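Q: Can you walk me through this model? I have some questions on cysteines, the ligand and a few odd residues.

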Amino acid sequence: MTAEASLSAHQLTHSDLIINGEEVAARSGDAFQRVSPAHDVPVGSYARGDADDVAAAIAAARTAFDSGPWPRRSGQERARVLHRTGELIRREREDLARLEALESGKPITQALDEVDAAADLWEYAATLARHSFGEAHNHLGTDVLAMVVNEPIGVVSIITPWNFPLLIVSQKLPFALAVGCTAVVKPSELTPGMTARLGRLLLEAGVDPGVVNVVTGQGGVGAAMSAHPDTDMVSFTGSTAVGRKVAAAAGAQLKRVELELGGKNPQIICADADLDAALDAVVFGVYFNAGECCNSGSRVLVEASIAAQFQEALVERARRVPVGDPLDRATKVGAITSAEQLATIERYVAEGRQSGSDLLMGGARRPSERGCFYEPTIFAGVQPEMSIANEEIFGPVLSVLSFDDLDEAISIANSTMYGLSAGIWTSNINSALTAAQRLQAGTIWVNRWMDGYPELPFGGYKTSGEGRELGSQAIGSFTQTKTIQLQVGPRTARWVPESGN
Ligand code: NDP
């Protein structure tokens, strides 16, 4: 199907909030539309929820947790619902991917991959639902037996961003559900469609009423969700600036917080690396999802002896990346998700130009009859103190720095406030292991870049986050520990002296 035919085939539908298992209009009666950032046409209509709707959603989640069946179901029963949700996501694959491409601006092929990866997360979480168990202690003395059990933490507020609208909610929600939590989910107002659809698929899969509540909206919804006293945890993915606010609000009430925030992720390219593979990974790393990616490889540190040749090859390769209509299957870089984000990218590129670095390519909006597009951009001669070297741009903008030895490379790599991911390209095992040990980041890639697996924990060092998603540890993110100590036989010891002694 051509891009135009695919756009025409899309039908604009309206989604209401989901509260207590029902699809309901916002209490205010308001709604909003999402306009495709690539095509300038409305592609979705959503109820505009506010703090009152948040309160109703949290009340439903609270009741479902405190007295509903979900937390009391067996792991097997919860696993069935999660697995079925994964199947339903796969059933809706084409429709979900098209809506995701239309709302986010990302290429349809990458949206399809994201839908597949999301389904896989639901299926993986289903396996964990049956593996949430604690420990037993039988070596504490003959009169005591103890067990340590995991219990669901309770009601979780989940606030998700626009760059991976189905994947990121699927990194959180199924894991919370697996252990028996209930949730209120707020997607970005830029990409509400995936969460609205997911909420309906969950009802079809058999999740109990009130277990998953979806509030679409903008402005004050997220804040109401993180400040509400009746939730037990907030899980947020987005900017470090908003992450700090979420943590402050949650901290004021001592509720648990899990944050997945920004990154300025370095790839170190040593002279002894497989340079062809590294080049491809650098281009992929920064232009995948138009750079709107917490794991974007937006900084590359190249060994000085090969810097000139590497930069030349980089530009040649980057010029071949197909940019265009997200619905065109040949496209690798689609639209920028919002005009605001486009303005952010332009501001950083202006700073890059003023800072004295060399603009090797791009550096401007991409001319197009409609939509928000930005040219793949490369700056060379970047110095570590420049804003384009240490701040998250969230766009298709690569900063190339150079280094003389591995110590310097690691020092530059670690010099930002972020620590989400980092990588090294080398054929020297000692360089690889040294970097893996000394780079301050939650994920280290050696001779590969930006792949992820449900089995592997994901999260950031420093201001890139708090806590971890995925992996078997994901159970611990949404549970609290209870210690149960049992007396074996009669309690014979007495603390109070016997009377008459
Ligand atoms: P933000 O990260 O700033 O987050 C916006 C979301 O946070 C909205 O859903 C908003 O809800 C909610 N929110 C705002 N204030 C609060 C609060 N006090 N408590 C709880 N939730 C709150 O996203 P932006 O779209 O503004 O993007 C800005 C930058 O963030 C990007 O340029 C990029 O650098 C980074 N980013 C990082 C992502 C990542 O994957 N790590 C993903 C997306 C963005 P409401 O509308 O109801 O206020």
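A: What follows takes the cysteines, then the ligand, then a few single residues.

Q: What should I know before reading the values?

A: This is a predicted model, where local features need pLDDT of at least 70 and side-chain atom pairs count only at pLDDT 80 or more, while totals for chains, interfaces and linings use all residues. Residues are numbered from 1 along each chain as its sequence is written, and side-chain values use heavy atoms, with hydrogens and water left out.

Q: How many disulfides are in the whole structure?

A: Zero, on a search of the whole structure; a disulfide here is a pair of cysteine sulfur atoms within 2.5 Å.

Q: Why is cysteine 294 not bonded to cysteine 293?

A: The closest cysteine sulfur to that of cysteine 294 is in cysteine 293, and at 5.6 Å it is too far for a bond.

Q: Are those two buried or exposed?

A: Cysteine 293 counts as buried, at 4% relative accessibility. Cysteine 294 is also buried, at 10%. Buried means under 20% relative accessible area, exposed over 50%, and partly exposed in between, with a 1.4 Å probe and protein chains only.

Q: On to the ligand. Which residues come nearest?

A: Trp162, Lys186, Gly219, Ser239 and Glu392, out of 25 residues around the ligand. A residue is near a molecule or strand if one of its heavy atoms lies within 4 Å of it.

Q: Which backbone atoms have polar contacts with the ligand?

A: Leucine 261 has a backbone N or O atom 3.0 Å from a ligand nitrogen, and glycine 238 has one 3.2 Å from a ligand nitrogen. For glycine 220, a polar backbone atom is 3.3 Å from a ligand oxygen. A polar contact is a pair of N or O atoms within 3.5 Å; within protein, one must be able to donate a hydrogen and the other to accept it, and residues adjacent in sequence count only if both atoms are side-chain atoms.

Q: How much of the ligand is covered?

A: On its own the ligand has 910 Å² of accessible area, and the protein covers 80% of that. Those areas come from the Shrake-Rupley method with a 1.4 Å probe; for residues, only the protein chains shown count as cover.

Q: Which elements give two or more residues to the shell?

A: Helix H8 (221–227), strand E11 (233–237) and helix H9 (240–252). H8 gives the most, with four residues. Helices (H or I, at least four residues) and strands (E, at least two) are DSSP runs, numbered from the N terminus.

Q: Where does the ligand lie relative to the domains?

A: Between domain 1 (3–261 + 464–484) and domain 2 (266–446), because both give residues to the shell around it. The bounds come from an automatic or database domain assignment.

Q: Different topic. Which non-glycine residues have a positive phi?

A: Among them are aspartate 40, at about 60°, and leucine 254, at about 55°. Most residues other than glycine have a negative phi.

Q: Where are they?

A: Aspartate 40 is in the loop between strand E4 (31–35) and strand E5 (42–47), and at 46% relative accessibility it counts as partly exposed. Leucine 254 is in the loop between H9 and strand E12 (256–260); at 79% it counts as exposed.

Q: And where is threonine 337?

A: Threonine 337 sits in the loop between helix H11 (307–318) and helix H12 (339–354), and it counts as buried at 1% relative accessibility.
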